[in-house]
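Visitor: I am in my first year and would like to look closely at a single part of this protein. Could you take me through the packing around one helix, and then through what ties the neighbouring parts of the chain together?

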Amino acid sequence: MWEELKYYRQALGINMLWNAYPIVFIVRDGFGIGPQGSTFTILYWVVGLALLMPLNIFRTVFLPNQTLFVCWFSFLVLGWVYWKYYPSPAGSPERLRETLTYIIPVVFLFASMYYPNDKADVVLKVMVFYTLVASIGLLYSLTKDPHWTFGERAAIKFAANTQNSNPHAYANNALCSILSALLVAGRTKNWIFKICYFLIAIFSLGVLILARTNMSLIGLGVMILIYVTLHGRGMVVSIFKPRVLAIAAVVYGIVAFLLSQFQFASYALGVYFNTFMSRFGSVIYTVTGVEVDQKTASIDHSSVNRVYSFKYVFEVFLGEGSLGTILFGEGYKAQFFDVPAIEALVNQGILGFILFNSFFVVMGFTALQQFFRPANDLSLFLAYFSIIVLIALFSGARPQDLSMWLVYVMFIRFFGVYSTQKAKSTLQPQPA
């Protein structure tokens, strides 16, 4: 019993590290507990590492996905060299923050290597309830937030600046909840638990719509398309099984009852979905000039910034830059595009572009493999979630980004890693 609880403790630590921000924003900014700024986030990560790290470090370690590790670690080393010897003309970033950017992901990877591959399903089970707590905390915090108004994206405003928030953290958290709940439900034989997991997935879908981010909703649509393409025939056959019909009827009845009791919920979801479709039309118009709808033929400013980024690369960096600048880049974090795929090229040249983007090429091929022959349910979860990570390659974050690097470490450690005796080695204490 205690041995099994140990894996749940470590699984909680894993979730606290790679998906920290939803809980951090709730506690720090929603409830006003703890120090403000990044200090609280770092303390949260330290607690996660303490839960993950075993008491005895001289025990079996499990090797990660070695190809993903080589791609990421090579880029990490290149980034460190640029930080030290080729800084941006505007100056180097803050020393302590940048140091932690390199240290915390490496420690996370090292600690996660003590977690056994055959217990990956425990990480997924803990994820269901970890993400559910974050979503419930979000909704509770919104009811107590005097600055939040109906129609806004569901997110917790930062205590330091009540005009800013991060809905992407909660949209991605809800997406994790949907995927993990459905995967765990598929392995659960107890029909009561299975219904509970389906209800969690439906609840999380509502939170995803309330967060209203293009990336997560489009990513969910792509995931559904992939699943239907791969499993459409089996899905149709299984729908007409008596057990499946009974569970679907119970879930439908519960959801219908709840919506009848809380009519504002269905109204809210409808309003947010229509708003998303309007904004999606604006994005299409901004990028392509094609009017999806006359009402949505307006400029989306976040998309304008990304269009400018591509123009800068092709017209300024490649069009006017010297050979040396193209080969070696403009310096460490010289430009900020919010498009990491091309920011790596501009800041760290050809080698930086190759090393950074090779990680995602390998991720894509690994995802294809896992769709057909998954190592375990957690690896299958990561295959679907990789859609969001690949979309973010052109829509958000930076090449050197601590929060994203923790996500990458999650993929490095568990993605496509099968439970075999050859995948582990043993650390032995060395004589003094």
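Guide: What follows begins with the whole chain, turns to one helix and its two partners, and ends with the salt bridges and a few single residues.

Please keep in mind from the start that this is a predicted model. The protein has 432 residues, of which 47% are buried, and its secondary structure comes to 16 helices and four strands. When we take the contacts whose partners have a separation of 6 or more, 74% of them join residues that lie 24 or more positions apart.

The part I suggest for a close look is helix H16, which covers residues 402-414. Let us take its meeting with helix H4, residues 66-85, where the two axes come within 9 Å and cross at roughly 150°. Because angles over 145 degrees count as roughly antiparallel, H4 is described as roughly antiparallel to H16. The crossing of these two helices, H4 and H16, is left-handed. On the H4 side the contact is made by Leu68, Phe69, Trp72, Phe75 and Leu76, while H16 brings Trp405, Tyr408, Val409, Phe411 and Ile412. Sorted by class, this contact between H4 and H16 has 10 nonpolar residues, with no polar and no charged ones.

Helix H16 also packs against H5, with the axes 9 Å apart and an angle of about 20° between them. Since angles under 35 degrees count as roughly parallel, H5 and H16 are roughly parallel to each other. Here the crossing of H5 past H16 is right-handed. The residues of H5 that make this contact are Leu100, Thr101, Tyr102, Ile104, Pro105, Phe108, Leu109 and Ser112, and those of H16 are Leu402, Trp405, Leu406, Val409, Met410, Ile412 and Arg413. By class, the contact of H5 with H16 has 12 nonpolar residues, two polar ones and one charged one. If you set the two lists beside each other, you will find Trp405, Val409 and Ile412 of H16 in the contact with H4 and again in the contact with H5.

From here we can follow the chain outward through its salt bridges, of which the structure holds five. One of them leads away from H5: the side chains of lysine 333 and glutamate 98 meet in a salt bridge, with 2.9 Å from N to O. Glutamate 98 belongs to helix H5 (residues 95-112), whereas lysine 333 sits in the loop between helix H13 (323-328) and helix H14 (340-372), so that distant parts of the chain, 235 residues apart, are linked. Glutamate 98 has a relative accessible area of 2% and is therefore buried. Lysine 333 is worth a second look for its backbone too, as its phi is near 55°, a positive value in a residue other than glycine. Another residue of the loop between H13 and H14 is aspartate 338, whose phi is near 65° and is likewise positive in a residue other than glycine. With a relative accessibility of 23%, aspartate 338 counts as partly exposed.

A further salt bridge involves the stretch just before H16, and it is formed by the side chains of glutamate 343 and arginine 398, at 2.7 Å from N to O. Glutamate 343 is in helix H14 and arginine 398 in the loop between H15 and H16, which places the partners 55 residues apart in distant parts of the chain. Both glutamate 343 and arginine 398 are buried. Helix H14 is also the place of asparagine 357, which is buried because its relative accessible area is 12%. Leaving aside residues up to four places away in sequence, asparagine 357 touches Ala341 and Leu393.

The last salt bridge for this visit joins aspartate 377 and arginine 187, whose closest N and O atoms are 2.9 Å apart. Aspartate 377 lies in helix H15 (residues 377-392) and arginine 187 in helix H7 (residues 167-187), so the pair ties together parts that are 190 residues apart in sequence. The two partners sit in contrasting surroundings: aspartate 377, at 14% relative accessibility, counts as buried, whereas arginine 187, at 63%, counts as exposed.

Definitions and conventions: Residues are numbered from 1 along each chain as its sequence is written. This is a predicted model: local features need pLDDT of at least 70, side-chain atom pairs count only at pLDDT 80 or more; totals for chains, interfaces and linings use all residues. Side-chain values use heavy atoms; hydrogens and water are left out. Axes are lines fitted to C-alpha atoms, for helices over the stretch in contact, and angles run from 0 to 180 degrees between N-to-C directions. Angles under 35 degrees count as roughly parallel, over 145 as roughly antiparallel, 65 to 115 as roughly perpendicular and the rest as oblique. A crossing is left-handed if the near helix is turned anticlockwise from the far one by less than a right angle, and right-handed if clockwise. Contact means heavy atoms within 4.5 Å. Ala, Val, Leu, Ile, Met, Phe, Trp, Tyr, Cys and Pro count as nonpolar, Asp, Glu, Lys and Arg as charged, and the others, Gly among them, as polar. A salt bridge is a side-chain nitrogen of Lys or Arg within 4 Å of a carboxyl oxygen of Asp or Glu. Buried means under 20% relative accessible area, exposed over 50%, partly exposed in between (1.4 Å probe, protein chains only).
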